[in-house]
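Work through the exercises below with the sequence and the 3D view open. Try each task before reading its solution.

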Amino acid sequence: MATITTKWTLEDYHHMISTGLLDDKSVELIQGDVVEMAPEGKPHAYFSTKSDKYLTKLLGDRALVLQAKPITLPNQSEPQPDISVVQPLDEEYLEHHPYVENIFWLIEYSDTTLKKDLELKSSTYAEVGIREYWIANLRERVLMVFRDPEGDKYMSREDYTSGSLSPLSFPDVQVEVSSIIKKK
């Protein structure tokens, strides 16, 4: 017996949302697949909330920091990164979620989802040209910074456990690693 696999479009996904089909489900659209999202553990919830507040204060009016909100990508994806640092377009976001050109960088907090974030999410973000993607590895307490997307891969990866770094979009800003993730 043959298996039928359906790839969903952004329009299909939005229709499912508008009809209530996905109510009470924690899902996101990744490359045409409706993918279940893992529940947040305590460290995940703590660090993502702390980072949201820290980055909002650090960047001020220069950026909008979104926590677990959808972004719309042209590869039939509408993921909900843990943190999205985007252009502050105010009411324009009534018409659409942030697009690639609105995104400064993304952060995912990973424990049980580390493999998914290193492979599926990384390739999804690189493929559409998101310049910078950070994974806060909760298992090892390491901040992995990916840059230079080429095809569906990032060509550069640097790991941080302390110190500070400047995001590509804000070279004058120093982000303290300990404000994103701390050693155990």
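The exercises go from the whole chain to single residues.

The model is predicted, so local features need pLDDT of at least 70 and side-chain atom pairs count only at pLDDT 80 or more, while totals for chains, interfaces and linings use all residues. Residues are numbered from 1 along each chain as its sequence is written, and side-chain values use heavy atoms, with hydrogens and water left out.

**Exercise 1. The whole protein**

Task: list the elements in order, then judge the overall compactness.

Solution. Step one: count the elements. The protein has three helices and 10 strands. Helices (H or I, at least four residues) and strands (E, at least two) are DSSP runs, numbered from the N terminus.

Step two: read the order. From the N terminus on, it is α-β-β-α-β-β-β-α-β-β-β-β-β.

Step three: test the compactness. The radius of gyration is 16 Å, close to the 16 Å that the globule rule gives for 184 residues, so the protein is as compact as a globular protein of that length. The radius is taken over C-alpha atoms, and the rule is 2.2 Å times the number of residues to the power 0.38.

Step four: look at burial. Buried residues make up 47% of the 184 residues. Buried means under 20% relative accessible area, exposed over 50%, and partly exposed in between (1.4 Å probe, protein chains only).

**Exercise 2. Helix α2**

Task: compare the span of α2 with its expected value, then find what covers its buried residues.

Solution. Start with the span. α2 has 18 residues and reaches 26 Å from its first C-alpha to its last, close to the expected 26 Å at 1.5 Å a residue. The expected span is 1.5 Å times one less than the number of residues.

Next, the buried residues. They include His44, Phe47, Ser48, Ser51 and Leu55. An α-helix has 3.6 residues a turn, so residues three or four places apart point the same way.

Now the cover. It includes β3 (64-67), β4, β5 and β10 (175-176). Just after α2, Gly60 takes a positive phi of about 55°.

**Exercise 3. Helix α3**

Task: find the bend in α3, then follow Ser123 to its contacts.

Solution. First, the limits. α3 covers residues 114-127 and reaches 19 Å, close to the 20 Å expected. The bend is about 35°, at Lys121. A bend is the angle between axes fitted to the seven residues ending at a residue and the seven starting there.

Second, the cover. Strands over the buried residues of α3 include β1 (27-30), β5 (103-110) and β8 (153-160).

Third, Ser123. This residue of α3 is buried, with a relative accessible area of 16%. Ser123 touches Gln31 and Asp152, not counting residues up to four places away in sequence. Contact means heavy atoms within 4.5 Å.

Fourth, Gln31. In the hairpin of β1 and β2, which has two residues between the strands, Gln31 takes a positive phi near 50°.

**Exercise 4. Strands β6, β7 and β8**

Task: trace the pairing on either side of β7.

Solution. Begin with β6. β6 and β7 pair in the antiparallel sense over six bridges. Two strands pair if DSSP finds at least two bridges between them. Ala136 has Leu143 of β7 as its bridge partner. Four residues lie between these strands in the hairpin, where Arg141 has a positive phi near 55°.

Go on to β8. β7 and β8 pair in the antiparallel sense over seven bridges. Met144 has Asp159 of β8 as its bridge partner. This hairpin has two residues between its strands, and Gly151 in the turn has a positive phi of about 65°.

Finish with Pro149, which is found in β7. Its relative accessible area is 28%, which makes Pro149 partly exposed. Leaving aside neighbours within four places in sequence, the contacts of Pro149 include Ala126, Gly129 and Tyr154.

**Exercise 5. The nonpolar cores**

Task: which residues touch the most other members of the largest nonpolar core?

Solution. Define the core. A nonpolar core is a set of buried Ala, Val, Leu, Ile, Met, Phe, Trp, Tyr and Cys residues joined through side-chain atoms within 4.5 Å.

Pick the residues. They are Leu55, Trp105, Trp134 and Leu143, in a core of 25 residues. Elements giving two or more residues to this core are α2, β4 (83-86), β5, β6 and β7.

Check for another core. A second, separate one has 19 residues, including Ile71, Val100, Ile130 and Tyr154.
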